[in-house]
Amino acid sequence: MKNLKLSSLIILLTLFTYGVKAQGLKDSYEGIFDIGAAIDQRQVNGFGKDQIAHSILAKHFNSVTPENLMKWGSIHPSPNTYNFEPMDKLVDLAESMGARVVGHTLVWHNQTPNWVYENEQGERLDGLALIKRMEDHITAIMSRYKGRVFAYDVVNEAIFDNGEYRTSKWYEATGTEFIKRAFAKAEEIDPDAELYYNDYNMWKPAKRETAIALAKEIREAGIRIDGIGLQGHYGLESPSLEEIEASILRIAEEGFKVMFTEVDIDVLPNPVNRHGADIDATFEFEEQYNLYTDGLPAEIQEKLVKRYAELFELFKKHEDKITRITFWGIHDGGSWLNNWPMRGRTAYPLIFDRNYQEKQDIIQVLHEIAAK
């Protein structure tokens, strides 16, 4: 309760300091879909320049996702050690502003320590032992936040772009059984939390269809899965709106909720013209892929505004199918795209600049789309 009161006071003070001149995006989209942001420890703590993150969150967002704080390596770094404090603070902050929390993520092949897959002798666990370790992890986390976390990305990125299952250590030990068991355990521990499968490049038909087949298989086994998250790491031109729309329609057609979980728009080129989020695909830094170190040229900013407008017009068109749009970060300076697919980029993918200032042309057009 003390932390909750402190978070509320911080929000009130920052709102007073920076002002709230116009309604936030969450107000414009109320009754349409939730507007979310991914945040990390620096924004949760609100120290220094990041204190303004609290006022931005309170004004614009009614959904909060931990960017890294709930990933296995952060919250459960060693067998008998849980680092709950950062996530506790995030949940307190979200509750103080009336925002829902989406837990991200319970099971993933990245940012998971090697010990998870090994016994005390450093040997790989068999499938049953690995699933038991996974279930214990899910139980510990979801029991702590039961009734306080609205939904979870239960399993993240288990499918390759070609529609084949990712050959992760999870898959090598268990096949797809770990996915079904993760959803079953999540449903058991918190029957009221919504449960999602989450992945990038879901506009690619092969990947989308495998994800849908997986979700149907889970559902047909009597295990609950509520929705499929489309990450939404896009470029200025790719994927096309038609490709994105096809996935919205197919997922909804099969009876699953649709949400865009990690939206950002990369204006920079990259070595293979990827607009996904496979963090294993990294490259050495080259200046030719870091074009706008001194700010975006006007014509590129216009393209960024146009792209956000087109996307939100599509989202609004399908408001009956989409439950949430979450930006992957608050401001450009904190975006993961500054370091992917190569470190040292100067990225501009979000709707607030490096100084936490609104990109007013984008914000304005998003308000206008909501009002249509």
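Biologist: Why is Glu157 called buried?

Modeller: In this predicted model, Glu157 has a relative accessible area of 5%. The word buried applies under 20%, so Glu157 is buried.

Biologist: Where does Glu157 lie, and what is its phi?

Modeller: Glu157 sits in the loop between strand E4 (151–156) and helix H8 (169–174). Its phi is near 60°, a positive value in a residue other than glycine. Most residues other than glycine have a negative phi.

Biologist: Which other residue has a positive phi without being glycine, with a value near 65°?

Modeller: That would be Tyr356, with phi near 65°. Tyr356 belongs to the loop between strand E9 (322–327) and helix H13 (360–371).

Biologist: How do you know whether Tyr356 is buried or exposed?

Modeller: Set its value against the cut-off: Tyr356 has 2% relative accessibility, and buried means under 20%. Tyr356 therefore counts as buried.

Biologist: Let's stay in that loop. What makes Gly329 a buried residue?

Modeller: Gly329 also lies between E9 and H13. Its relative accessible area is 5%, and the limit for buried is under 20%, so Gly329 is buried. Leaving out residues up to four places away in sequence, Gly329 touches Ala37, Ala38 and Leu350.

Biologist: How do you know that Gly329 and Thr139 are not in contact?

Modeller: I would rather give you the distance: C-alpha to C-alpha, Gly329 and Thr139 are 28 Å apart in space, and 190 residues apart in sequence. Thr139 is not among the residues that Gly329 touches, namely Ala37, Ala38 and Leu350, once residues up to four places away are set aside.

Biologist: Back to Glu157 for a moment. What does Tyr197 touch, beyond residues up to four places away in sequence?

Modeller: Glu157 is one of the residues that Tyr197 touches, and the others include Val155, Ala158, Ile159, Phe183 and Leu214. Tyr197 itself is in strand E5 (residues 194–199). Leu230 is 33 residues from Tyr197 in sequence and 8.9 Å from it in space, C-alpha to C-alpha.

Biologist: What makes the approach of Tyr197 to Ala158 a polar contact?

Modeller: The side chain of Tyr197 reaches the backbone nitrogen of Ala158 at 2.8 Å. The limit for such a pair is within 3.5 Å, so this one qualifies. The backbone nitrogen of Ile159 is 3.4 Å from a polar atom of the Tyr197 side chain, again within 3.5 Å.

Biologist: And why is Tyr197 called buried?

Modeller: Its relative accessibility is 1%, and buried means under 20%, so Tyr197 counts as buried.

Biologist: How do you know that Ala182 counts as buried?

Modeller: Ala182 has 0% relative accessibility and the cut-off is under 20%, so the word buried fits. Ala182 is placed in helix H9 (residues 177–189). Apart from neighbours within four places in sequence, its contacts are Val107, Met134, Ile138, Val154 and Val155. Asp92, by C-alpha positions, is 26 Å away from Ala182 in space and 90 residues away in sequence.

Biologist: What about Asn110: why does it count as buried?

Modeller: At 14% relative accessibility, Asn110 falls under 20%, so it counts as buried. Asn110 is in the loop between strand E3 (100–107) and helix H7 (127–144).

Biologist: What makes the pairing of Asn110 and His109 a polar contact, given that residues adjacent in sequence count only if both atoms are side-chain atoms?

Modeller: Here the side chains of both residues are joined, at 3.2 Å. That distance is within 3.5 Å, so the pair meets the rule.

Biologist: Which peptide bonds are cis?

Modeller: One of them joins His104 and Thr105, with omega about -5°; Thr105 is in strand E3. Another runs from Ser238 to Pro239, with omega near 0°, and Pro239 is in the loop between strand E7 (233–235) and helix H11 (241–253). Most peptide bonds are trans.

Biologist: Now the whole chain. How does its radius of gyration agree with that of a compact globule?

Modeller: For 372 residues a compact globule would be near 21 Å, and the protein chain has 20 Å, so the two agree. The C-alpha trace spans about 55 × 50 × 40 Å along its principal axes. The chain holds 13 helices and nine strands, and 59% of its residues count as buried.

Key:
Residues numbered from 1 in each chain as written. Predicted model: local features only at pLDDT ≥ 70, side-chain atom pairs only at ≥ 80, totals over all residues. Heavy atoms only, no water. Helix = DSSP H or I, 4+ residues; strand = E, 2+ residues; numbered from the N terminus. Rg over C-alpha atoms; globule rule 2.2 N^0.38 Å. Buried < 20%, exposed > 50% of the residue type's maximum accessible area, 1.4 Å probe, protein only. Polar contact = N/O pair within 3.5 Å; in protein donor to acceptor, adjacent residues only side chain to side chain. Contact = heavy atoms within 4.5 Å.
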